[in-house]
Amino acid sequence: MTALARLKRALGIDTRQCDYTYERDARFGHVSSSRVAEKWVKTTCGYCSVGCGMLVGVKDDKAVAVRGNPEHPVNRGKLCPKGLSEHHILTAPGRAKTPLLRKNGTLTPVSWDEALDTMVERFAGVQQKYGADALGVVGTGQLLTEEFYTLGKLVQLGFRSRSYDGNTTLCMASAVSGYKLSFGSDGPPGSYADMETADVVMLIGANIADNHPILCHRLERDAERTLIVVDPRVTKTAMMADLHLAVKPRSDIALLNGMAHVLIRDGLIDSTYISQYTDGFHQYKEFVAEYTPERVAALTGLSEETIVRVARLYGKARAAFIGWTMGVNHSTQGAVTVAAINNLALITGNIGRAGASPFSITGQCNAMGTRESGFTSSLPGYRKFEKQADREELARLWGLDVERIPTARGLAYPDIIEAAVAGKVKALWFIATNPAVSFPNYSVLEQALRSVDFLVVQDGFHPTPTSDFADLVLPAAIWGEKEGTYTNSERRVSKVNRVVAAPGEARADFDIFLDLAERLGVREELYPGWTTTHDAYKEWQRVSAGRLCDYSGISWEQIEEESGVQWGGARLYEDGVFRHEGGRAKLYNVPCEPFVEQPTSEYPYVLNTGRTVEHWHTRTKTAKVQLLDTMAPYAWLEMNPVDARRLQLKPHDRVSVISRRGSVKNLELRITGIVAPGQVFMPFHFAETNSNLVTLGAFDPISREPNFKQCAVLVERFVTK
Ligand SMILES: Nc1nc2c(c(=O)[nH]1)N[C@H]1C(S)=C(S)[C@@H](COP(=O)(O)OP(=O)(O)OC[C@H]3O[C@@H](n4cnc5c(=O)[nH]c(N)nc54)[C@H](O)[C@@H]3O)O[C@H]1N2
Ligand SMILES: Nc1nc2c(c(=O)[nH]1)N[C@H]1C(S)=C(S)[C@@H](COP(=O)(O)OP(=O)(O)OC[C@H]3O[C@@H](n4cnc5c(=O)[nH]c(N)nc54)[C@H](O)[C@@H]3O)O[C@H]1N2
Ligand code: SF4
Ligand SMILES: [Mo]
């Protein structure tokens, strides 16, 4: 036994777990007794949608350590660097601790009473003058399900505004729309376990090694399984693959259609499944006939042999799994690319069986919770705004007049921003999102923030690049300071528990919402007798009963006992009954189109943006965790050696990235074969070198998701003036 293992055993720590705090201390030869926990609180990680179970060590009412929960079915005791250091976030500097109202140009501390009375009054003023939809509200995928459910009712039924959406439109909207197109409803059909069972796993635009690290354990090298990764970059995930397909940007649809062409040509389809459970095969077959390997090779940059080989691998698999993330969703063709993925699964019967699923890996810890309960792109419980029966059912469940329930979704996030610029939305309320860093084409966003009459930012931290613009800052409790549930990518509902008290006067978002309802005079009507998030959960159970996302049989107690319960069981659509009228899935003809802003001689490079393992989005949290921030303290630009040579640039040179919309100055250059010639990549995490100064305001016509992954840029040496 190693010294470290002995030390861990002496401290009562399971040696199979990797606990950063103790490992580091052990290396320095001492264990600080101030970090030895008195108790361990069971909870779920608050970063990504993998949804790892963890235990947070508490001493003297402070979070002092984190361990993976060995009993949790998702992570089996393991955690990634962000999870392992998550307790530090609960003592991080920079928290918002008191409400702040702008008075004579300065954000000034005020009481909660003054803050919320002012907010209700200013919103009412705007709505009386410009109409109910002049209030725009943008939520997040990072609250508790109980909070989303409460907020949706507050915005749509209390404030009566339909201009309501979430940062999830920057993220999962294309997956939601694609599932609706193919299957008639949102809802990822498979489970993580399917990645282990499948004999072919294809990941498209998903860099799980950086962004869902604990999922990598499902794909540990196995002679029985072929891992195919489709990504223009040689990511860490591509390096894990048996076959990496470095496709040209946005040629995924051509690849998928080309695979379908080969599958049909070579008889590798499941004709029984197609005829029993799908519509549209005849026209689809004619359509993909044009996607010959030769044509697809030209579109994707892959060889004809590779296209045929991948199609045959997929078609001959006993069970094949396709996972995707933002390399698919972040596109003006995101929703239809998802439909093209679903097409492949349907024609081969790779759905509703162990190992066989088209599977959108979600992003934020509770992106799923908001999709199901949020009241943004659909009514709670995946009900449809346009369906009379759905509205009537909800009205009955809520004891409300059916006229109160909107008959169509309101503006999506980018359209709320546009409406603010156009002077139609006159008040904005952002909850747990930081658009000044995360929204594309910053200059338009800034105009929106500056042109509204009243801007409220509700965040756990202040200042943030967005809260700097606010007229009112509401300080919120964050993960670790409140109780409720998150639902992960595989539909697993897990419990999130309170570890410590929120700092200063910060309050849980849930309590802020109820207080606002009280001031609006709708608390008893919308939330009868509610005091805790458990009350919200119990109502959500009743409202979701009988729906695809049915929580009615999943009690908090059961979730705690079983370390998470999947709604819908291990997989959906086992019976082949889909959610379209008539119960059949639909096949779509999806043409492959060039991306919106093609490179030119003036702007010759395609800029790709994304993530790195150490940081979370806009770094309001991870910049304050020293361990993470010292590993990746600033942004960089990846460029291929061929291009660097042409521009006479050397490694570590300082460069600027310039587009038609703006420029990012003074980035470190990394010269690397990770990116192909003609392409460059930068992370979007860093406010000080904000990639969204240059990105494009182009959105998917169906999902309204931004095209974050391709725009045309020029790269120049940065010179200090
Ligand atoms: N460490 C960390 N983990 C995270 C997050 C984080 O901020 N940090 N955020 C979470 C969230 S909200 C999300 S949504 C997920 C995102 O997880 P991912 O989607 O894995 O993250 P990205 O880096 O945005 O993009 C993934 C890949 O898409 C590729 N791509 C770009 N263009 C194309 C294309 O045309 N075709 C294909 N096939 N691929 C393309 C990029 O090269 C990139 O490697 O991560 C979650 N996990
Ligand atoms: N260029 C480019 N831009 C992108 C992307 C990209 O790949 N490229 N990815 C996009 C994607 S997929 C996403 S999901 C978005 C993410 O973009 P954002 O949503 O803007 O990112 P976060 O930094 O997670 O912002 C969450 C905010 O909520 C606060 N917060 C955390 N917990 C709580 C809480 O419990 N209550 C409250 N009230 N506040 C809380 C945090 O302090 C933080 O300020 O970025 C998008 N933007
Ligand atoms: S993989 Fe995701 S859920 Fe798991 S520890 Fe890391 S950030 Fe948390
Ligand atoms: Mo996301």
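Me: How far does a polar side-chain atom of Arg 233 lie from an oxygen atom of ligand 1?
Reply: This is a predicted model, in which local features need pLDDT of at least 70 and side-chain atom pairs count only at pLDDT 80 or more, while totals for chains, interfaces and linings use all residues. Residues are numbered from 1 along each chain as its sequence is written, chains are lettered from A and ligands numbered from 1 in the order in which they are written, and side-chain values use heavy atoms, with hydrogens and water left out. A polar side-chain atom of Arg 233 is separated from an oxygen atom of ligand 1 by 3.3 Å.

Me: Which residue has a backbone N or O atom 2.9 Å from an oxygen atom of ligand 1?
Reply: Gly 327 also places a backbone N or O atom by an oxygen atom of ligand 1, but the distance there is 3.5 Å. The backbone atom at 2.9 Å belongs to His 617.

Me: What percentage of the area that ligand 1 exposes when taken alone does the protein bury?
Reply: Accessible areas come from the Shrake-Rupley method with a 1.4 Å probe, and for residues only the protein chains shown count as cover. Ligand 1 taken alone exposes 920 Å². Of that area, the share buried by the protein is 99%.

Me: Which elements give two or more residues to the shell around ligand 1?
Reply: Elements are DSSP runs numbered from the N terminus, with helices (H or I) of at least four residues and strands (E) of at least two. Those that give two or more residues to this shell are helix 8 (208-211), helix 15 (326-329) and strand 21 (605-610).

Me: Which residue has a side-chain N or O atom 2.6 Å from an oxygen atom of ligand 2?
Reply: Lys 709 has a polar side-chain atom 3.0 Å from an oxygen atom of ligand 2, whereas the side chain of Ser 691 brings an N or O atom to 3.2 Å from a nitrogen atom of this ligand. The side-chain atom at 2.6 Å from an oxygen atom is that of Thr 618.

Me: In what order do the seven strands of the open sheet stand?
Reply: Two strands pair if DSSP finds at least two bridges between them. The pairing in this open sheet is mixed, and its seven strands stand in the order 5-4-16-15-14-6-7.

Me: Why is one side of strand 5 (106-109) and of strand 7 (164-166) left without a neighbour in the sheet?
Reply: Strand 5 and strand 7 stand at the edges of the sheet. One side of each is left without a neighbour because each has a single partner strand.

Me: Which residue in strand 16 stands opposite Leu 100?
Reply: Strand 4 (residues 100-103) and strand 16 (residues 472-475) run antiparallel and are joined by two bridges. Opposite Leu 100 in strand 16 stands Val 473.

Me: Which residue in strand 26 stands opposite Tyr 605?
Reply: Six strands close into a barrel in the order 21-25-22-24-23-26, with mixed pairing. Strand 21 is joined by three bridges to strand 26 (residues 711-717), and these two run antiparallel. The residue of strand 26 opposite Tyr 605 is Val 713.

Me: Which residue is joined to His 462 by a cis peptide bond?
Reply: Most peptide bonds are trans. Here a cis bond, with omega about 0°, follows His 462, and its partner is found in the loop between strand 15 and strand 16. That partner is Pro 463.

Me: What is the phi of Arg 160?
Reply: Most residues other than glycine have a negative phi. Arg 160 is found in the loop between helix 5 (145-158) and strand 7. Although Arg 160 is not a glycine, its phi is positive, at about 55°.

Key. Polar contact = N/O pair within 3.5 Å; in protein donor to acceptor, adjacent residues only side chain to side chain.
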